[in-house]
Amino acid sequence: MKKIFTLISMALVAMSVNAQNIKDTDPSHLYPIKSITWGDITWKNGNNKKDKDNADMFFLMGTGNGYSEIMAEEIYTDDEPTGNYRACYGYIEYENGETGAPAYGLYYKFTPSTAGTLKVNVWVNKGNRKTFVIKASDGKPLTPYVDYTFDGYVNGQNTTEADETQHPTYFTAEEIKDRHDASANAEQPYVIDAGNQAVWGWITFNVEAGESYIVYQQSSQLGFGGFEFGGEKYVASPEEGVVAAEFAAVIDADGKATNVNERGSVVAFTAAGVAVEAVGGAVPTEVVPDLSGSGISNVKADNANAPIYNLAGQKADKSQKGILIQNGKKFVNK
């Protein structure tokens, strides 16, 4: 199942699967997107892990990463344009003082009705990837072990019981922090653990009434198990093969989202005094650039060798008659 969003009818252009970062891309290769074809977006439970009592913990999984903007990048080979395009993403570089919140991709937003302490149950694909908790009103990230803590489990870390059975080792927030501080990640302010193993447990932070907080990663998936607030608990995936009613209402029997829009697949509900918005993203399979000349930025207007396109977005040459586009500008070739 694929969802297609088209602003102006135009032939789809094949896209490379190797998406790039906007900040690392030649700006003259970037165009606004006219239409985009998303891959399948799913909401299904998985990555079932154990707790210290060897009980199953299930996490609801979306797809994709959180990012602030998306554009179409023309693929160049040997410095020559190919006429093919791929998605190019913009990420917020908090380490450089940037602020903001993701507009696309996978993220979870929580808005409590009262002040208190929020515990969000997460599965983190890689413990040494950056995990962000963003205060929405100012777009600033909270700092692990300063503004929030993480406690839970680390893949491969087990405790052998007296009966010789092995259970996952539970690490307190202080123990996880010690692991982080003693590792090569000690100078990484938004990394919560030491290594590249999966971790699962609870992000805990204080919240203000009516303020929104966004939890996401930029380079890895983030599973959502639920949350605790005000003495109440919400579980997103209580058992294998089962998801909470709010998510089940927007997926089919295979877990594929049925309410996909330009943001992804949005699940919004209120539980335990917290308004929740979970956005599942996906990787675009095709993008079509806007070559109309309206709103195109950073295009080299004086490049006489720039590629030429017809109004269908197909590559053309100056021998072709009719209205053509070069350097983002239309001209009539008689």
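# A walk through the chain, starting from a charged pair

Let's begin with two side chains of opposite charge: K109 and E277 form a salt bridge, with their closest N and O atoms 3.8 Å apart. K109 belongs to strand β9 (residues 107–112) and E277 to strand β22 (residues 274–280), so this pair ties together parts that are 168 residues apart in sequence. The two partners sit in unlike surroundings: K109 is partly exposed, at 25% relative accessible area, whereas E277 counts as buried, at 18%. E277 gets that label because its value falls under the 20% limit for buried residues. Please keep in mind that you are looking at a predicted model.

Pairs like this one have a simple background: side chains of opposite charge can pair when their charged atoms come close. A search of the whole structure finds 10 salt bridges. Another of them joins the side chains of K256 and D40, at 3.6 Å from N to O. This pair also links distant parts of the chain, 216 residues apart: K256 is in the loop between α2 (245–248) and β20 (260–261), and D40 is in the loop between β4 (33–38) and β5 (44–50). K256 is partly exposed at 24% relative accessible area, and D40 is partly exposed as well, at 32%.

For a local pair, turn to helix α1. There K177 forms a salt bridge with D181, and the closest N and O atoms are 2.5 Å apart. Because the two residues are 4 positions apart in α1 (residues 173–181), about one helical turn separates them. K177 is partly exposed, with 30% relative accessibility, and D181 is partly exposed too, with 37%.

Now step back to the whole chain. It has 2 helices and 27 strands, and buried residues make up 50% of its 334 residues. Of the contacts with a separation of 6 or more, 70% are between residues 24 or more positions apart. On the outside, the chain exposes about 15200 Å², and carbon and sulfur atoms supply 45% of that area.

What lies inside? In soluble globular proteins, nonpolar side chains tend to be buried together. Here the largest nonpolar core has 58 residues, and W43, F110, F205, F227 and F247 have the most contacts inside it. Leaving aside neighbours within four places in sequence, F247 is in contact with W43, L60, F224, Y234, A236, V267, F269 and A278. A second, separate core has 10 residues, among them I92, Y94, Y107 and V266.

Key:
Residues numbered from 1 in each chain as written. Predicted model: local features only at pLDDT ≥ 70, side-chain atom pairs only at ≥ 80, totals over all residues. Heavy atoms only, no water. Core = buried A, V, L, I, M, F, W, Y, C linked by side-chain atoms within 4.5 Å. Buried < 20%, exposed > 50% of the residue type's maximum accessible area, 1.4 Å probe, protein only. Contact = heavy atoms within 4.5 Å. Areas by Shrake-Rupley, 256 points an atom, 1.4 Å probe, with all protein chains shown as cover. Salt bridge = Lys/Arg side-chain N within 4 Å of Asp/Glu carboxyl O.
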